[in-house]
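Subject: Structure for you to look at, with notes

Dear colleague,

Here is the structure I said I would pass on, with the sequence alongside it. Could you open it first and keep it in view while you read the notes below?

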Amino acid sequence: MRRPTGRLLAIWAVTSAVVALLGPLAGLLWAAVVPKVTYVVVQGEAFLADPEGQGPIGIDVRFALIALIAGTACGAGAYLAGGRGNDSALLLGLAVGGAAAAVLAWQTGHLIGLGHFEDVVRHGRDGTTVTGVADLRAKGVLVFWALPAVAAYGLLELVVRRLPAGDGADAGAGEADEVGGDELDLESAPAGRDVDGREP
């Protein structure tokens with residue numbers, strides 16, 4: 001039985017919103033665990049104090065790991081909470097919500113300490129050092145939330161293969177089966193008689 005379009009839209013909207021709202025929390029976590037990267041102020045601009053350092057890469061890697069874990073958890077949670085017939089709405093919600101969550105996580109983490117950083121860069125003397133804020137260089141890691149979410153959902157479907165609602169087992173004797181779009185109710189004929197009741 002097909003789900004009403006309004007219900008599927010509601011499931012999609014709620015899924016998208018719930019996943020997206022996790023983004024700012026992930027952003028706060030990201031800002032708290034990023035490695036410290038030092039910048040040097042030169043003529044009102046900030047330059048890496050150690051251009052060969054691995055700090056900026058570490059920032060991207062930490063974001064990718066947080067997004068990967070969060071996306072996988074969202075996909076698993078949506079699968080466990082959802083039911084058969086809601087799959088398309090849940091998957092779309094995971095994709096849209098995951099994309100929004102990644103962007104919100106990036107922007108939230110980037111805002112932590114940004115005002116102080118910009119103030120030092122703007123007014124600091126040449127040679128002043130300042131610790132940078134969380135930011136992404138490899139913007140491709142923004143897909144690391146939505147893709148694992150959808151992948152986790154699909155993987156669980158392959159492993160669990162939950163049955164459609166109302167179909168707990170194979171149809172028994174006297175139950176209708178769909179063959180070629182028509183319902184056929186096949187019954188065993190009494191011994192020695194045709195199904196229409198005529199003698200052989």
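Two rings of Phe, Tyr or Trp, the last taken by its six-membered ring, are called a pair here if their centres lie within 6.5 Å, and planes over 60 degrees apart make the pair edge-to-face. Please bear in mind that this is a predicted model, and that every value below is computed from it.

With that definition, a search of the whole structure finds three aromatic pairs, two of which I describe here. In one of them, the ring centres of tryptophan 30 and phenylalanine 63 are 5.0 Å apart and the planes stand at 75°, so this pair is edge-to-face. The two residues come from distant parts of the chain, since tryptophan 30 belongs to helix α1 and phenylalanine 63 to helix α2, with their positions 33 residues apart. Tryptophan 30 is buried, at a relative accessible area of 1%, and phenylalanine 63 is buried as well, at 3%.

Another pair is formed by tyrosine 79 and tyrosine 153, whose ring centres are 5.1 Å apart and whose planes meet at 80°, so that it too is edge-to-face. Because tyrosine 79 sits in helix α2 and tyrosine 153 in helix α5 (residues 146-160), this contact ties together parts that are 74 residues apart in sequence. Both partners are buried, tyrosine 79 with a relative accessible area of 3% and tyrosine 153 with one of 2%.

As for the overall layout, the protein has five helices and five strands, which follow one another along the sequence in the pattern α-β-β-α-α-α-β-α-β-β. Of its 200 residues, 30% are buried. If one takes the contacts between residues at least 6 apart in sequence, 78% of them join residues that are at least 24 apart.

Turning to the strands, β1 (residues 38-42) has Tyr39 and Val41 on its covered face, whereas Thr38, Val40 and Val42 make up the uncovered one. This fits the general rule that side chains in a regular strand alternate between the two faces of the sheet. Strand β1 pairs in the antiparallel sense with β3 (residues 129-131) over three bridges, and it is also joined, again antiparallel, to β2 (residues 45-48) by four bridges. Valine 40 takes part in both pairings, with threonine 129 as its bridge partner in β3 and phenylalanine 47 as its bridge partner in β2.

The hairpin of β1 and β2 has two residues between the strands, and glutamine 43 lies in that loop. Most residues other than glycine have a negative phi. Glutamine 43, although not a glycine, has a positive phi of about 50°. At 69% relative accessibility, which is over the 50% cut-off, glutamine 43 counts as exposed.

Finally, the largest pocket holds about 250 Å³ of space. Its lining comprises 19 residues, and those nearest the centre are Val34, Ile59, Gly132, Val133 and Ala134. Helices α1 (5-33) and α2 (55-81) each contribute at least two residues to this lining, so the helices named above for tryptophan 30 and phenylalanine 63 appear here again. By class, the lining consists of twelve nonpolar, four polar and three charged residues.

With best wishes

Notes. Residues numbered from 1 in each chain as written. Predicted model: local features only at pLDDT ≥ 70, side-chain atom pairs only at ≥ 80, totals over all residues. Heavy atoms only, no water. 1 Å grid on protein atoms, 1.4 Å probe; cavity = no way out; pocket = protein on both sides within 12 Å on 5 of 7 lines; lining within 4 Å. Points joined across faces, edges and corners; volume = space filled by probe spheres on them. Nonpolar A, V, L, I, M, F, W, Y, C, P; charged D, E, K, R; others polar. Buried < 20%, exposed > 50% of the residue type's maximum accessible area, 1.4 Å probe, protein only. Pairing = 2+ DSSP bridges. Phe/Tyr/Trp six-rings, centres within 6.5 Å; stacked < 30°, edge-to-face > 60°. Contact = heavy atoms within 4.5 Å.
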